[in-house]
Structures are given as C-alpha cells and as structure tokens.
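Student: I am new to this structure and would be grateful for a close look at a single part of it. Please start from one helix and its surroundings, and then turn to other places in the chain that help to complete the picture.

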Amino acid sequence: MRDINQFTITDAVKESFKTEEGSRFKFLLETLIDHLHDYTREVNLTHEEWMGVLMFLYDCGKISTPERHEFILLSDVLGFSALVDMINTRGGATEGSNLGPFYLDDAPRFDLGGDLGKGRGGAVLLVQGQVRDSLGNPIANAVIDTWQADSAGTYPIQEQASGQDKYDLRGIFTTNENGEYWYTTVLPKPYTVPYDGPVGKLLRAGNRHAWRASHLHYIVRAKGYRAITTEMFFDNTDYLDNDAVFGVRRSLITKLEPVKKTDTLPPTEIAPNARCRFDFVLAPE
Ligand code: BEZ
Ligand code: FE
C-alpha cells in the first residue's frame with residue numbers, strides 16, 4: 001500500500017474490510033466509502049472544512065440525550081429521513097412521513113369516540129376515517145397509534161418539567177368491523193423543531209426557519225400488513241410548502257372543516273366543533 005494516492009485509496013479502504021461476499025453490509029459499507037471519497041475529491045475538501053464537519057458531529061453528540069436526538073434532527077433537516085420514508089413507501093399504501101422524536105411505544109388505549117385532548121382548550125377536532133387494504137377492503141382491528149402537539153404547538157413530553165404528563169395527547173385506537181376509527185382531540189398548531197443546538201446553527205447558516213406545518217402523527221398496524229408511520233397535515237396551516245423536515249406530501253393533507261348543525265357525526269365523548277377525515281391504506285406484508 002506504499003504507492004497509495006488520492007485515487008487508489010478508495011479501493012484500499014474497501015479492501016481493508018474483510019466483509020462477507022454478497023452481504024448487504026458489504027454493499028452498504030463499500031458504497032458509502034465510494035460516495036464519501038468521491039465527495040471529498042469533488043469538493044477538494046480543506047483541512048479546516050474537514051475539521052469543521054468533525055466538530056459539528058462532535059457537537060451533535062454532545063447535546064444528544066435519550067430525549068434529544070440531534071443526529072435524527074440532522075437527518076430530518078437534510079431531508080434524509082424523508083428520503084428513507086419515500087423509498088420505503090409501498091405502492092398503493094399511504095405515504096410514509098417523519099416519526100419525529102416524540103413517539104412513546106406505550107400510549108394509553110382509548111375506545112372509539114374517546115377524547116385525547118381533555119381540558120386543554122382550543123378547538124375540539126373530530127378525526128375520523130377508515131383503514132383499508134390496497135384493494136379497498138376495510139381492515140377491522142387495525143391499531144392506530146397517534147401523538148401530537150397541543151393548541152400552542154407544544155408536545156406534553158417537552159413540558160414535563162412544568163408538570164405535564166408525557167402520555168397526554170397520545171393514544172391507541174382499534175378500528176371497528178368496518179375498518180373505521182374516530183376520536184376527538186385538540187387542533188394542534190405549527191411548532192419549531194429544536195434549534196438551540198448545532199442543527200439550529202446549520203439552519204441559521206443556511207437562512208432556513210425551524211417551523212413544521214401542524215400535523216398529527218400516526219403509526220398504523222394490522223396483522224398481515226406492513227405497518228406505516230406517517231403524518232396528517234391540515235390544508236389551512238402555514239409551512240405546507242416549506243416544512244423544516246420535508247414531511248408534507250400532497251396525499252397527506254386533509255381538509256379542516258367546521259362542524260355544521262346538519263352534519264351526521266359518529267358518537268363521541270365530547271362534542272367537536274371542527275372535523276377532518278383521513279383514510280389509511282396498508283399494503284400486504
Ligand atoms: C415532529 O414532528 O414531532 C418532529 C420531527 C422532526 C424533528 C422534531 C420534531
Ligand atoms: Fe410532530
């Protein structure tokens with residue numbers, strides 16, 4: 001390896017790993033090395049720039065905690081998370097969108113028609129829809145796991161220091177025999193992704209804002225189908241065209257409507273004054 005130079009080094013690095021022939025790991029690692037080296041040669045990276053990147057990654061690690069994943073945020077604002085969601089959306093199924101950092105896998109269960117937003121003020125929103133397969137057949141007993149921000153744009157999990165319950169504004173519903181679900185909650189507001197760390201610095205350096213269009217998060221699961229992680233956006237909200245983490249897709253935008261006296265509504269624990277509809281389509285496993 002004495003005659004190594006800026007062109008032969010790429011193969012030398014790849015060959016230094018003894019990875020299993022034909023394995024996915026080998027493919028991922030070698031392709032990554034190819035692209036990183038190509039990038040470095042293409043931009044003629046200087047020592048200062050290289051050290052800047054390393055210090056930026058160091059700062060991301062330093063600010064990260066189990067509740068604050070700065071690397072996920074970096075992936076989000078670079079569109080990397082959204083790209084992985086897009087690549088992994090199955091034809092015919094509801095498009096995937098950001099998981100975000102606020103999911104808890106043990107949310108409380110609610111009956112259909114239950115209210116997630118108890119006593120929080122703001123508009124009472126009825127969310128209703130159906131879970132179907134790609135042929136349009138309803139899926140009974142599908143599990144809908146949802147979480148969201150409040151009417152001030154804050155997730156209760158972010159406000160535990162001021163006494164909020166991290167399980168507020170999240171819940172699990174099961175679809176009925178017609179694949180239907182419905183519940184009430186508060187209408188969330190747009191909010192900013194955390195921008196007090198290195199990722200915030202990057203956004204400011206690129207003259208970007210940190211706002212997300214207001215949304216509801218969902219993971220929908222059913223036996224025999226691929227689970228989907230997605231978000232639903234409201235048609236009247238800001239940032240639909242410049243969401244900080246590129247989560248919006250046309251197919252994920254729903255119409256927010258006031259409830260009219262003449263509307264026929266499903267039975268709910270409390271009366272809504274706004275409504276929206278969102279159907280989920282699952283592809284087979
Ligand atoms: C969220 O939607 O909850 C979120 C997504 C990315 C970064 C921060 C928050
Ligand atoms: Fe969110």
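Tutor: The following account begins with one helix and its neighbours, then turns to a strand residue and to the salt bridges. The model is a predicted one.

The helix chosen is α3, which covers residues 47-63. Part of α3 belongs to a nonpolar patch on the surface, with an area of about 740 Å². The residues that make this patch are W50, M51, V53, L54, M55, L57, Y58 and F71. Helix α3 gives the most to the patch, contributing seven residues. One of the patch residues, L54, may serve as an example. L54 lies in α3, and its relative accessibility is 37%. Because buried means under 20% and exposed means over 50%, L54 counts as partly exposed.

Helix α3 also packs against helix α6, which comprises residues 198-205. The axes of these two helices are 9 Å apart, and the angle between them is about 135 degrees. Angles over 145 degrees would count as roughly antiparallel, and those from 65 to 115 as roughly perpendicular; α3 and α6 are therefore described as oblique to each other. The contact brings together F56, D59, C60 and I63 from α3 with P198, V199 and L202 from α6.

Helix α4, residues 70-77, is mostly covered, with six of its eight residues buried. Those buried residues are E70, L73, L74, S75, D76 and V77. They pack against α3, α5 (80-87) and α6. Just after α4 comes G79, whose phi is positive, at about 80 degrees.

Strand β4, residues 180-186, offers a residue for separate inspection, namely T185. T185 has a relative accessible area of 1% and is buried. Leaving aside residues up to four places away in sequence, T185 touches D115, L116, G117, A123, V124, L125, V127, Q148 and L169. As a further point of reference, the C-alpha atom of T185 is 9.0 Å from that of D150, although the two residues are 35 residues apart along the chain.

The charged side chains form the last part of this account. The structure holds 18 salt bridges. Within helix α2 (residues 24-43), D38 and R41 are three residues apart, so about one helical turn separates them. Their salt bridge has its closest N and O atoms 2.9 Å apart. Both partners are partly exposed: D38 has a relative accessible area of 41%, and R41 has a relative accessibility of 22%.

A second salt bridge joins the side chains of R221 and D145, at 3.9 Å from N to O. R221 lies in strand β7 (residues 215-221) and D145 in strand β2 (residues 143-148), so this pair ties together parts that are 76 residues apart in sequence. R221 is partly exposed at 35% relative accessibility, whereas D145 is buried at 2%.

The side chains of K26 and E21 also meet in a salt bridge, with an N to O distance of 3.8 Å. Here K26 is buried, its relative accessible area being 14%, while E21 is exposed at 65%. Finally, D11, K14 and D34 are linked in a network of salt bridges.

Methods
Residues are numbered from 1 along each chain as its sequence is written. Chains are lettered from A and ligands numbered from 1 in the order in which they are written. This is a predicted model: local features need pLDDT of at least 70, side-chain atom pairs count only at pLDDT 80 or more; totals for chains, interfaces and linings use all residues. Side-chain values use heavy atoms; hydrogens and water are left out. Patches are made of residues with over 30% relative accessible area and no salt bridge: like charges are joined within 9 Å, nonpolar side chains (Val, Leu, Ile, Met, Phe, Trp, Tyr) within 5 Å. Accessible areas come from the Shrake-Rupley method with a 1.4 Å probe; for residues, only the protein chains shown count as cover. A salt bridge is a side-chain nitrogen of Lys or Arg within 4 Å of a carboxyl oxygen of Asp or Glu. Helices (H or I, at least four residues) and strands (E, at least two) are DSSP runs, numbered from the N terminus. Buried means under 20% relative accessible area, exposed over 50%, partly exposed in between (1.4 Å probe, protein chains only). Axes are lines fitted to C-alpha atoms, for helices over the stretch in contact, and angles run from 0 to 180 degrees between N-to-C directions. Angles under 35 degrees count as roughly parallel, over 145 as roughly antiparallel, 65 to 115 as roughly perpendicular and the rest as oblique. Contact means heavy atoms within 4.5 Å.
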